[in-house]
Amino acid sequence: MPSGQLMTMPLLIVNMGGEMVYILEQRLQAQKIPEAKGQKVLSDVVRTMYYPRFIEELFKPQEMYSIQSTRQIFDRLAHSSIMRLNESSMDKLFDLMAMGFKYQIMSCVAPQEMIDVTHNHLDVVKRLVGNAPEVIELLDECVRQTHLAYATMPIADFVVMRQSLCTFFQDRKVKVSLFLHNQTQTADGSIVVPSAGALPPNASPPGTVRYFQNGAEVGTEQLPTAGAGAWTPNTGARTRLGLNVYDKEQPPAP
């Protein structure tokens, strides 16, 4: 199985692509574009983004692209429909996409949660292009490829992938008004990592001390720690990270 570092590109492109579709849908609504025309724009972009040959190449083991090369991919994707963006609009779009996914990566309580984030993006994009069956088939194939690539990946490789993504976004601190308003970003553009929520699967609460003797656990003790009560046991529910934060009817992710 390829190392985690060589399988980072699919997560980067699929998740940033999902963010791009969210932002384009919000802009189309804000500009009061007729629904049929807006649906065509989104369907054209998604159809190009999940074109079978592109997805096939994307899921092959490969080194991470530079931020400039990644931007070129999304330049072409954004202009694959009748919509046209000038350089300034494309800059803003890319910054929003990058900061949205950076927040999600940094907020995952466990590296393997990145796959749930990916599935959230794919599920929401499906709903946004729900009246285009041929596009839904392309998204379903991407879901299948995601399962094949990551279902049996060791946790160590997920750690490497997360580190690769953090390095990719390092020092990118573009301020986003939505994040500033939600206090998920500070005034200098830094991401505020959540200090509460559900624990990772099989994780013990902060302050748990386990005692072993002759290789067997003989007791546990719970020591008081700051903020320990803010964390709840994992219920198996999928994270809300990766959902559409631009949907006004959508509750914000924790």
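Buried means under 20% relative accessible area, exposed means over 50%, and partly exposed lies in between (1.4 Å probe, protein chains only). This is a predicted model, in which local features need pLDDT of at least 70 and side-chain atom pairs count only at pLDDT 80 or more, while totals for chains, interfaces and linings use all residues. Residues are numbered from 1 along each chain as its sequence is written, and side-chain values use heavy atoms, with hydrogens and water left out.

**Exercise 1. Place Gln62 and list what its side chain reaches.**

Step 1. Find the element. Helices (H or I, at least four residues) and strands (E, at least two) are DSSP runs, numbered from the N terminus. Gln62 sits in the loop between helix 3 and helix 4.

Step 2. Apply the burial cut-off. Gln62 has 17% relative accessibility, so it counts as buried.

Step 3. Look for polar contacts. Such a contact is a pair of N or O atoms within 3.5 Å; within protein, one must be able to donate a hydrogen and the other to accept it, and residues adjacent in sequence count only if both atoms are side-chain atoms. The Gln62 side chain reaches the backbone oxygen of Glu57 at 3.1 Å. It also reaches the backbone oxygen of Lys60 at 3.1 Å.

Step 4. Add the other neighbours. Contact means heavy atoms within 4.5 Å. Leaving out residues up to four places away in sequence, Gln62 touches Gln5, Leu6, Met9 and Glu57.

**Exercise 2. Describe the overall build of the protein chain.**

Step 1. Count the elements. The chain has 9 helices and 4 strands.

Step 2. Read their order. Along the sequence the pattern is α-α-α-α-α-α-α-α-α-β-β-β-β.

Step 3. Judge compactness. The radius of gyration is taken over C-alpha atoms, and the globule rule is 2.2 Å times the number of residues to the power 0.38. The radius is 20 Å, close to the 18 Å that the rule gives for 254 residues, so the chain is as compact as a globular protein of that length.

Step 4. Add the box. The C-alpha atoms fill roughly 70 × 40 × 35 Å along the principal axes.

Step 5. Check burial and contacts. Of the 254 residues, 42% are buried. Among contacts between residues at least 6 apart in sequence, 73% join residues at least 24 apart.

**Exercise 3. Which elements build the largest nonpolar core?**

Step 1. Fix the term. A nonpolar core is a set of buried Ala, Val, Leu, Ile, Met, Phe, Trp, Tyr and Cys residues joined through side-chain atoms within 4.5 Å.

Step 2. Size the core. The largest one has 66 residues, and those with the most contacts inside it include Met16, Phe74 and Tyr150.

Step 3. Name the contributors. Two or more residues each come from helix 1 (9-30), helix 2 (35-49), helix 3 (52-58), helix 4 (67-78), helix 5 (87-107), helix 6 (113-128), helix 7 (133-150) and helix 8 (155-169). Helix 1 gives the largest share, 12 residues.

Step 4. Zoom in on Met16. Beyond its neighbours within four places in sequence, Met16 is in contact with Leu11, Phe74, Phe94, Met97, Ala98, Phe101 and Phe169.

Step 5. Turn to Leu12. Leu12 lies in helix 1 and is buried at 0% relative accessibility. Its C-alpha atom is 9.3 Å from that of Ala98, 86 residues apart along the chain. Outside its neighbours within four places in sequence, Leu12 contacts Met64, Thr70, Phe101, Leu165, Phe168 and Phe169.

**Exercise 4. How many disulfides are there?**

Step 1. Apply the cut-off. A disulfide is a pair of cysteine sulfur atoms within 2.5 Å. The count is 0.

Step 2. Check Cys108. Its nearest cysteine sulfur, that of Cys166, is 9.3 Å away.

Step 3. Compare accessibility. Cys108 is buried at 5%, whereas Cys166 is partly exposed at 30%.

**Exercise 5. Describe the hairpin, then find a positive phi in a loop.**

Step 1. Pair the strands. Two strands pair if DSSP finds at least two bridges between them. Strand 2 (residues 208-213) and strand 3 (residues 216-222) are antiparallel over 6 bridges. Arg210 stands opposite Thr220.

Step 2. Inspect the turn. The hairpin has 2 residues between its strands, and Asn214 there has a positive phi of about 55 degrees.

Step 3. Recall the background. Most residues other than glycine have a negative phi.

Step 4. Find the loop case. Asn202, not a glycine, has a positive phi of about 65 degrees. It lies between strand 1 and strand 2 and is exposed at 82%.
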